[in-house]
Amino acid sequence: MSDPKPDAAPTGGGGVTISDSVVAKVAFKAISGIEGINALGGTSARALAGLRGDKGTPGISVDLHEGSVDIDITMSIVFGASVPAVAEACRKAVSEQVEATTGLPVRAVNVLVTDVVFPEDQAGSAG
């Protein structure tokens, strides 16, 4: 009987601000297990991130605006992977995870495939 209403307004002031980098890290984690992705970011983006010492999420950019978010993902894929299937898997995983983690509605997840990598070109792969 004395249970508080779940929709009761909070009594204190304040708010929560979520930075672009947090959203980018959540998106990165969401796509980390998707088959067919070789690397995130274009070759130049990866090189610049290395020079700047970025440990974050090269290849993922976030645009927060008016309570929603747009996410752009740049990647290379493995030869033989279906670009539409990989892109759709990314869109679904990122949208679900970002919304569940941050509470922000995802307006768009744009996927840009900039390169295809052949198995013989992958460093460290056993033939």
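In this predicted model, confidence varies between the elements of the chain: helix α2, residues 43–52, has the lowest mean pLDDT, at 50, and helix α3 the highest, at 97. Over the chain as a whole the mean pLDDT is 82, and 75% of the residues reach 70 or more. At the N terminus, residues 1–9 stay under 50 in pLDDT, and for this stretch the model has zero contacts beyond four places in sequence.

The chain contains three helices and four strands. Read from the N terminus, these elements follow the order α-β-α-β-β-α-β. Of the 127 residues in the chain, 28% are buried. Among contacts with a separation of 6 or more, 72% join residues 24 or more positions apart.

The packing of two helices is considered next. Two packed helices are described by the angle between their axes and the distance between the axes. For helix α1 (residues 20–31) and helix α3 (residues 83–102), the axes come within 8 Å and cross at roughly 135 degrees. Helix α1 is therefore oblique to α3, since an angle counts as roughly antiparallel over 145 degrees and as roughly perpendicular from 65 to 115. The crossing in which α1 passes α3 is right-handed. On the α1 side, the contact is formed by Val23, Val26, Ala27, Ala30 and Ile31. On the α3 side, the contributing residues are Cys90, Ala93, Val94, Gln97, Val98, Thr101 and Thr102. By class, the residues of this contact comprise nine nonpolar and three polar, with no charged residue.

Strand β4, residues 106–117, includes Val109. With a relative accessible area of 7%, Val109 is buried, because the cut-off for burial is under 20%. Beyond four places in sequence, Val109 touches Ile71, Ile73, Cys90, Arg91, Val94 and Ser95. Two of these, Cys90 and Val94, are also among the α3 residues in the contact with α1. The C-alpha atom of Val109 lies 8.8 Å from that of Val69, and the two residues are 40 residues apart along the chain.

Strand β3, which spans residues 68–78, includes Ser68. The relative accessibility of Ser68 is 14%, so this residue counts as buried. Leaving aside residues up to four places away in sequence, Ser68 touches Asp63, Pro105 and Arg107. Of these partners, Arg107 falls within strand β4 (residues 106–117). A separation of 9.3 Å is found between the C-alpha atoms of Ser68 and Gly103, which are 35 residues apart along the chain.

The loop between strand β2 (60–65) and strand β3 holds Glu66. Although Glu66 is not a glycine, its phi is positive, at about 45 degrees. The relative accessible area of Glu66 is 84%, and the residue is therefore exposed. Ser68 of strand β3, by contrast, is buried at 14% relative accessibility.

Definitions and conventions:
Residues numbered from 1 in each chain as written. Predicted model: local features only at pLDDT ≥ 70, side-chain atom pairs only at ≥ 80, totals over all residues. Heavy atoms only, no water. Helix = DSSP H or I, 4+ residues; strand = E, 2+ residues; numbered from the N terminus. Buried < 20%, exposed > 50% of the residue type's maximum accessible area, 1.4 Å probe, protein only. Contact = heavy atoms within 4.5 Å. Axes fitted to C-alpha atoms, helices over the stretch in contact; angles between N-to-C directions. Parallel < 35°, antiparallel > 145°, perpendicular 65-115°, else oblique. Left-handed = near helix turned anticlockwise from the far one by under 90°. Nonpolar A, V, L, I, M, F, W, Y, C, P; charged D, E, K, R; others polar. pLDDT = per-residue confidence, 0-100.
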